[in-house]
Amino acid sequence: TDASSVLGKTSPYRIPMSDTEHVVCPGCGKTNRVAMPRLTDGPKCGACGEGLFSGRPVAVNEAGFTRHVAADTIPVLTDVWAPWCGPCRTMTPMFELAAERLEPRARLLRLNLDESPKVARRFGIQSVPTLLLTGHGQLIAQTAGAMGSRAIVDWAKAQFPKVSIQR
């Protein structure tokens, strides 16, 4: 076999760009290209070797939020919360359960509102907890108020078709 047949268009090892997703590593922040069929195979970061998905939300600051929203091509569901907010504390374990059900179909983030005033202004957040669903750098949907894990999952899944429309 010559190199052109192995690396050519007919190679089973060549994955078209349209069949890949970009996923930001929660550890080092590098963007990884992952074949869509491999998203559920426990992909690891090419730079640091950390797993790209853990089934848990990723705590981020404003820069981390911006990086994920700009680079991830999978939907990004963000719980905007505050440490002084009782309903936020109640929703935290529910959001963690939702992460187990939604990853790797989506990236789940937790963003402290008190430490992220620019994000709060950008999205007009006036109450917490607030869920933001973004896709391909755009806000797809937003809702406020505490929810149980089933409601979070159902709400997010209902919005997912809107994310693929943005492609």
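Strands, like helices, are DSSP runs numbered from the N terminus, a strand having at least two residues. By this numbering, Leu39 lies in the loop between strand 2 (31-35) and strand 3 (58-60). The model on display is a predicted one, and the tour below begins with its overall plan before returning to that loop.

**The whole chain**

Display the entire protein as a cartoon. It contains five helices and seven strands, which follow one another along the sequence in the pattern α-β-β-β-α-β-α-β-α-β-β-α. The protein has 167 residues, of which 47% are buried. Among the contacts with a separation of 6 or more, 61% are made by residues 24 or more positions apart.

**The sheet**

Select strands 3, 4, 5, 6 and 7. These five strands form an open sheet with mixed pairing, and their order is 3-5-4-6-7. Strand 3 and strand 7 (138-144) are the edges; each has a single partner strand, so one side of each lacks a neighbour in the sheet. From one strand to the next, the twist averages 25°.

Strands of a sheet pair through backbone hydrogen bonds, in either a parallel or an antiparallel sense. Both senses can be inspected here, one at each edge. Begin with strand 3 and strand 5 (residues 107-112), which pair in the parallel sense over three bridges. Select Val58 to see one of the contributing residues: its bridge partner in strand 5 is Leu109.

Move next to strand 6 and strand 7, where the pairing is antiparallel and extends over six bridges. Gly135 has Gln138 of strand 7 as its bridge partner. The hairpin of these strands has two residues between them, and His136 takes a positive phi near 55° there.

**Helices against the sheet**

Add helix 2 (residues 62-71) to the selection. Helix 2 lies across strand 3, strand 4 (76-81), strand 5 and strand 6 (130-135), and runs at about 155° to strand 5. Now add helix 3 (residues 86-102), which packs on the sheet and touches strand 4, strand 5 and strand 6. The direction of helix 3 makes about 160° with that of strand 5.

Between strand 3 and helix 2 there is a loop, and Asn61 is found in it. Asn61 counts as partly exposed because its relative accessibility is 46%. Measure in the viewer from the C-alpha of Asn61 to that of Leu113: the two residues are 52 apart in sequence and 9.3 Å apart in space.

**Rings**

Show the aromatic side chains. The structure holds one aromatic pair. Such a pair is described by the distance of the centres and the angle of the planes. The centres of the Phe65 and Phe123 rings are 5.9 Å apart and the planes stand at 90°, so the pair is edge-to-face. Phe65 belongs to helix 2 and Phe123 to helix 4 (residues 117-123), so that the pair links parts of the chain 58 residues apart. Phe65 is buried at 0% relative accessibility, and Phe123 is buried at 11%.

A further ring to select is that of Trp81. Arg110 lies over its face, at 4.5 Å from the ring centre.

**The loop of Leu39**

Return to Leu39, in the loop between strand 2 and strand 3. Is Leu39 buried or exposed? Leu39 is buried, because its relative accessible area is 11%. Leaving aside residues up to four places away in sequence, Leu39 touches Glu21, Val23, Val34, Phe53, Ile74 and Pro104. Glu103 is 64 residues from Leu39 along the chain, yet the C-alpha atoms of the two are separated by 9.1 Å.

**Cysteines**

Finally, select the cysteine side chains. How many disulfides does a search of the whole structure find? The search finds zero. A disulfide would require a pair of cysteine sulfur atoms within 2.5 Å. For Cys25, the closest cysteine sulfur is that of Cys48, at 3.6 Å, which is too far for a bond. For Cys45, the closest is that of Cys28, at 3.6 Å, which is also too far for a bond. Cys25 is buried, with a relative accessible area of 1%, and Cys45 is buried, with a relative accessible area of 4%.

How values were computed: Residues are numbered from 1 along each chain as its sequence is written. This is a predicted model: local features need pLDDT of at least 70, side-chain atom pairs count only at pLDDT 80 or more; totals for chains, interfaces and linings use all residues. Side-chain values use heavy atoms; hydrogens and water are left out. Buried means under 20% relative accessible area, exposed over 50%, partly exposed in between (1.4 Å probe, protein chains only). Helices (H or I, at least four residues) and strands (E, at least two) are DSSP runs, numbered from the N terminus. Contact means heavy atoms within 4.5 Å. Two strands pair if DSSP finds at least two bridges between them. Axes are lines fitted to C-alpha atoms, for helices over the stretch in contact, and angles run from 0 to 180 degrees between N-to-C directions. Rings of Phe, Tyr and Trp (its six-membered ring) pair if their centres lie within 6.5 Å; planes under 30 degrees apart count as stacked, over 60 as edge-to-face and the rest as tilted. A charge sits over a ring if NZ of Lys or CZ of Arg is within 6 Å of the ring centre and within 35 degrees of the ring normal.
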